[in-house]
Amino acid sequence: MPRIKRVSTGVPGFDELISGGFKEFSINLVAGGPGTGKTIFAMQFLLDGIKRGEPAVYITFEEKKEKFYEDILSFGWDLEKYEKDNLFVFLEYTPEQVKKVLIEGGGSVDSIITKMKAKRIVIDSITSFSLLYQDELTKKEAALALFELIQKWGCTALLTSEEEEKEGHTISAALEFEVDSIILLYYLKMKGVRHRAIEILKMRGTKHPLKTFSMDIGEKGVIVYPNKIFTLE
Ligand SMILES: Nc1ncnc2c1ncn2[C@@H]1O[C@H](COP(=O)(O)OP(=O)(O)O)[C@@H](O)[C@H]1O
Ligand SMILES: [Mg+2]
């Protein structure tokens, strides 16, 4: 059996927890509340590819390009430069536009991604997209159509999902079932101070720890501490 290629996440400390990275062509979900670091994590994943010459696409329903580029520059990540080098594309869409792409197949998103030969794709976040669908069945059908497109493009994907701040998780059952992995980000308050943590809830074909690890966001982005188990005390 051929060895499955692993795709580095670009997040220091994280790859060693998941046998070297995401499986090539897999669809991975990073879920967490607001401010938990989903967008920064996702950008690190794209930048890791860009540094290897792999074109990357960032699809968002919420962020505005100019402001986003400015915020991300605080980490020293110059998206404008990568865009000029044809290694990065920022696509701002409404969930309705993406829905249209799924129904009609192809369209502008499809041709942009095919033309640039993207290897990595981020959709940040799929929450507003999945809100377009009322019941779990149509949600599941839409997710499947989207995942088929990602597969066709030959990309390794990272999707983010905005969760409410509470214990446990509330990821749509449709998505939970379909994605290859689920990574949860936490931002928990203890004795008046917030702490960041990360947990691998599921990862197909990968032996991963069942522990929750400490995490931080510093000047180089998200960093995971694989030797620091997170406990609530
Ligand atoms: N330059 C920076 N240095 C350190 N931490 C930062 C920096 N920029 C943002 N952060 C932290 O990251 C958080 C936002 O992370 P983000 O990935 O946008 O969250 P999410 O997408 O999950 O809502 C901010 O609330 C802040 O705590
Ligand atoms: Mg975000």
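**Notes on Thr-156 and the salt bridges**

1. Let's start with Thr-156, which lies in strand E7, residues 156-162. Please keep in mind throughout that this is a predicted model. With a relative accessible area of 3%, Thr-156 is buried, because anything under 20% falls in that class.

2. What does the side chain of Thr-156 reach at 2.9 Å? The partner is the backbone nitrogen of Phe-25. Phe-25 is also on the list of residues that Thr-156 touches, a list that leaves out residues up to four places away in sequence. Among the others are Phe-22, Lys-23, Glu-24, Ser-26 and Asn-28. Val-7 and Phe-45 are touched as well, and so are Lys-119, Arg-120 and Ile-121.

3. Arg-120 deserves a second look, since this contact of Thr-156 also takes part in a salt bridge with Asp-48. The closest N and O atoms of Asp-48 and Arg-120 are 3.0 Å apart. This pair links distant parts of the chain: Asp-48 sits in helix H1 (residues 38-50), Arg-120 belongs to strand E6 (residues 120-124), and 72 residues separate them. Are these two partners buried or exposed? Both Asp-48 and Arg-120 are buried.

4. Asp-48 has another partner to check on your screen: its side chain meets that of Arg-52 in a salt bridge, at 3.0 Å from N to O. Here the two ends differ in their surroundings. Asp-48 is buried, at 13% relative accessible area, whereas Arg-52 counts as exposed, at 52% relative accessibility. The cut-off for exposed is over 50%, so Arg-52 at 52% qualifies.

5. For a salt bridge within one helix, have a look at Lys-67 and Asp-71, whose closest N and O atoms are 2.8 Å apart. Why are these two separated by about one helical turn? Because they are 4 residues apart in helix H2, residues 65-72. Lys-67 counts as exposed at 51% relative accessibility, while Asp-71 is partly exposed, with a relative accessible area of 36%.

6. Stepping back to the salt bridges in general: which residues do shared partners join into one network? They are Asp-48, Arg-52, Glu-54 and Arg-120. Within this group, Asp-48 pairs with Arg-52 and with Arg-120. As for the total, the structure holds 12 salt bridges, including the one between Lys-67 and Asp-71.

Note on methods:
Residues numbered from 1 in each chain as written. Chains lettered and ligands numbered in written order. Predicted model: local features only at pLDDT ≥ 70, side-chain atom pairs only at ≥ 80, totals over all residues. Heavy atoms only, no water. Salt bridge = Lys/Arg side-chain N within 4 Å of Asp/Glu carboxyl O. Buried < 20%, exposed > 50% of the residue type's maximum accessible area, 1.4 Å probe, protein only. Polar contact = N/O pair within 3.5 Å; in protein donor to acceptor, adjacent residues only side chain to side chain. Contact = heavy atoms within 4.5 Å.
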